[in-house]
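Biologist: Hi! Could you walk me through this protein? I'd love to hear about the links between its side chains.

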Amino acid sequence: SKGEYTIEFEGLNAAGEGGGHVQVSGFDHNRQCKVRRWGPGVQAANFTAQVDCYNDVGEFRDSNFLVSVIHPQSISASVDHFFNTSGVLYAWAGSPFVANHTAHPDFSTGNVDISRTGVGMYQVNFLGRGSTIPTQGGHVQVSSYGPDFTKCSVLSWASGEDFVANVGCSDPSGNPLDGAFTIGVIPSHASSVGFAWANNPT
């Protein structure tokens, strides 16, 4: 269908398990893309992600997009080992209307608490992970999740005892709206990873 895509990564789910993490970014002007769901493919050894793309009034539209996938089970039997060797954090905030909830352990690195601080406003706390991440620098990515037309983005992040990121979600017109999302964190000391923050649009 228009604006609806399925991407299958062959052999990425060799262990035949669920979990993991997906980020999606639209690549066309006036298009937004988000991840609808992910999991094992038609063949259990494959990893499948479903992506929806739409215009600025919430109508499905064909679009180019970028998608990235992390599936620790294909790298290591231990999510903690994955974090310790890569420094990468991630979580799925899948309960947007709940005041406080804990991210599902199959879709997060360690213990992650998510608080709804207002309509479309969330604070994500990676508990105990701040001490392993420098207080300055790093990179945070957020992708909207689910079948609706919310748009979510990172507002700020900081590192103390916990690593904390603030996220805002809105409808296609920019009005605050509760929404689910995925969040990924790459610390400045991560190896074999490149990132940039383009913070001067002019």
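**Links in the chain**

Modeller: Happy to! Counting the bonded cysteines along the chain, the disulfides of this protein follow the pattern 1-2, 3-4. Please keep in mind that this is a predicted model.

Biologist: Okay! How many disulfides does the structure hold?

Modeller: The structure holds 2 disulfides. One of them is formed by cysteine 33 and cysteine 53, with their sulfur atoms 2.1 Å apart. Cysteine 33 sits in strand E3 (residues 32-40) and cysteine 53 in strand E4 (residues 47-54), so this pair ties together parts that are 20 residues apart in sequence.

Biologist: What about the angle about the S-S bond in the link of cysteine 33 and cysteine 53: is the link right-handed or left-handed?

Modeller: The link of cysteine 33 and cysteine 53 is right-handed, with 110° about the S-S bond.

Biologist: And are cysteine 33 and cysteine 53 buried or exposed?

Modeller: Cysteine 33 is buried, and cysteine 53 is buried as well.

Biologist: Nice. Which cysteine forms a disulfide with cysteine 152?

Modeller: That partner is cysteine 169, and the two sulfur atoms are 2.1 Å apart. Cysteine 152 belongs to strand E11 (residues 151-159) and cysteine 169 to strand E12 (residues 163-170), so the disulfide ties together parts that are 17 residues apart in sequence. The torsion about the S-S bond of cysteine 152 and cysteine 169 is about 110°, so this disulfide is right-handed. Cysteine 152 and cysteine 169 are both buried.

Biologist: Let's switch to charged side chains. How many salt bridges are there in the whole structure?

Modeller: A search of the whole structure finds 5 salt bridges. In one of them, the side chains of arginine 36 and glutamate 4 meet, at 3.8 Å from N to O. Arginine 36 is in strand E3 and glutamate 4 in strand E1 (residues 4-9), so this pair ties together parts that are 32 residues apart in sequence.

Biologist: How accessible are arginine 36 and glutamate 4?

Modeller: Arginine 36 has a relative accessible area of 24%, so it counts as partly exposed. Glutamate 4 is partly exposed too, at 33% relative accessibility.

Biologist: Which residues are linked in a network of salt bridges?

Modeller: Glu4, Arg36 and Asp52 are linked in a network of that kind.

Biologist: Cool! Which residue forms a salt bridge with arginine 61?

Modeller: That would be glutamate 59, and the closest N and O atoms are 3.0 Å apart. Arginine 61 is partly exposed, with a relative accessible area of 27%, and glutamate 59 is partly exposed at 37% relative accessibility.

Biologist: And what does aspartate 178 meet in a salt bridge?

Modeller: The side chain of aspartate 178 meets that of arginine 116, at 3.0 Å from N to O. Aspartate 178 lies in the loop between E12 and strand E13 (180-186) and arginine 116 in strand E8, so the pair ties together parts that are 62 residues apart in sequence.

Biologist: Is aspartate 178 buried or exposed?

Modeller: Aspartate 178 counts as buried because its relative accessibility is 12%, and buried means under 20%. Arginine 116, in contrast, is partly exposed at 28%.

Biologist: Last topic: where is threonine 109?

Modeller: Threonine 109 is found in the loop between strand E7 (100-102) and strand E8 (112-118). Threonine 109 has a relative accessible area of 0%, so it is buried.

Biologist: What does the side chain of threonine 109 reach?

Modeller: The side chain of threonine 109 reaches the backbone nitrogen of tyrosine 90, at 3.0 Å.

Definitions and conventions
Residues are numbered from 1 along each chain as its sequence is written. This is a predicted model: local features need pLDDT of at least 70, side-chain atom pairs count only at pLDDT 80 or more; totals for chains, interfaces and linings use all residues. Side-chain values use heavy atoms; hydrogens and water are left out. A disulfide is a pair of cysteine sulfur atoms within 2.5 Å. Helices (H or I, at least four residues) and strands (E, at least two) are DSSP runs, numbered from the N terminus. Buried means under 20% relative accessible area, exposed over 50%, partly exposed in between (1.4 Å probe, protein chains only). A polar contact is a pair of N or O atoms within 3.5 Å; within protein, one must be able to donate a hydrogen and the other to accept it, and residues adjacent in sequence count only if both atoms are side-chain atoms. A salt bridge is a side-chain nitrogen of Lys or Arg within 4 Å of a carboxyl oxygen of Asp or Glu.
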